[in-house]
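The following questions and answers work through the model shown below. Each answer sets out its reasoning before giving the value or name requested.

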Amino acid sequence: MAEKTMKVKVISPERVFYEGEVTFMEFNTIEGIIGIYPMHIPTTVVIAPGILRLVNQEGEKIAALHSGFAEILGDSVTILAESVEWPEEIDYNRAQEAKIRAERKLKEGKDSGKAELALKRAVLRIQLTKK
């Protein structure tokens, strides 16, 4: 018997990042990590920077999901992402430079909210390029 699947659509301002069927998915929310199987209770969540895991019959795909919103219905999930990228799209050196800049701004006490978010994004990008 085939595993149940749900439709997933991940949209960023630049493109439809992913559209397909999955058996499971996982990502960070502002309240913690959420794992979603088909027939999940309907809800909406605010996304926090972290790894997006998409699992289907072919295997697992991961991506850097930086923030946004998700609408979860029983048979589908739609993510409206501020930014999302596959590991091969990430420039490791650029991520390292962004991390250094964010750490410097945090030390100086400048734009601490923006700097903290920039640091989280840079660390996530670095983490994904090492997998």
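Salt bridges, core and pocket

Q: Is K99 buried, partly exposed or exposed?
A: In this predicted model, K99 has a relative accessible area of 25%. Buried means under 20% and exposed means over 50%, so the value for K99 falls in between and the residue is partly exposed.

Q: With which residue does K99 form a salt bridge?
A: The closest N and O atoms of the pair are 3.2 Å apart, which is within the 4 Å cut-off for a salt bridge. The two residues both lie in helix α1, four residues apart, about one turn of the helix. The partner counts as partly exposed, at 34% relative accessibility. It is E103.

Q: Which elements does the salt bridge between R53 and E26 link?
A: The side chains of R53 and E26 meet at 3.3 Å, N to O. The pair links distant parts of the chain, 27 residues apart, with R53 in strand β6 and E26 in strand β3. The elements are therefore β6 and β3.

Q: Which residues are linked with E26 in a network of salt bridges?
A: E26 is partly exposed, with a relative accessible area of 24%. One member of the network, R53, counts as partly exposed at 26% relative accessibility. Besides E26, the network takes in R53 and E60.

Q: What is the N to O distance in the salt bridge between E85 and R125?
A: The search of the whole structure finds seven salt bridges, and the side chains of E85 and R125 meet in one of them. Here the distance from N to O is 2.4 Å.

Q: Which residue of the pair E85 and R125 is buried?
A: The pair links distant parts of the chain, with E85 in strand β8 and R125 in helix α2, 40 residues apart. R125 counts as partly exposed, at 21% relative accessibility. The other partner has a relative accessible area of 11%, and because this is under the 20% limit, the buried residue is E85.

Q: How many residues form the largest nonpolar core?
A: The members that touch the most others are V8, M25, F27, L52 and I79. Elements that give two or more residues to this core are β1, β2, β3, β4, β5, β6, β7 and β8. A second, separate core of five residues includes I51, A64, L124 and L128. The number of residues in the largest core is 23.

Q: What is the relative accessibility of I79?
A: I79 lies in strand β8. Leaving aside its neighbours within four places in sequence, I79 is in contact with residues including M25, F27, L52 and L65. I79 counts as buried, and its relative accessibility is 0%.

Q: Which isoleucines is F27 in contact with, leaving aside its neighbours within four places in sequence?
A: The contacts of F27 also include G32, V45, L52, L65 and A70. The isoleucines among them are I33, I34, I36, I47, I51 and I79.

Q: Which element gives the largest share of the lining of the largest pocket?
A: The largest pocket is lined by 17 residues, of which R94, A98, R101, A118 and R125 lie nearest its centre. Elements that give two or more residues to the lining are β8, α1 and α2. The largest share, six residues, comes from α1.

Q: How many residues of the lining of the largest pocket are charged?
A: The space in this pocket is about 400 Å³. Its lining also holds six nonpolar residues and one polar residue. The number of charged residues is 10.

Q: Which residue has a positive phi although it is not a glycine?
A: The phi in question is about 75°. The residue lies in the loop between β4 and β5, and it is exposed, with a relative accessible area of 58%. It is M39.

Q: What share of the residues of the protein chain count as buried?
A: The secondary structure of the chain comes to two helices and eight strands. From the N terminus on, the elements run β-β-β-β-β-β-β-β-α-α. Of the 131 residues, the share that count as buried is 41%.

Key
Residues numbered from 1 in each chain as written. Predicted model: local features only at pLDDT ≥ 70, side-chain atom pairs only at ≥ 80, totals over all residues. Heavy atoms only, no water. Core = buried A, V, L, I, M, F, W, Y, C linked by side-chain atoms within 4.5 Å. Buried < 20%, exposed > 50% of the residue type's maximum accessible area, 1.4 Å probe, protein only. Contact = heavy atoms within 4.5 Å. 1 Å grid on protein atoms, 1.4 Å probe; cavity = no way out; pocket = protein on both sides within 12 Å on 5 of 7 lines; lining within 4 Å. Points joined across faces, edges and corners; volume = space filled by probe spheres on them. Nonpolar A, V, L, I, M, F, W, Y, C, P; charged D, E, K, R; others polar.
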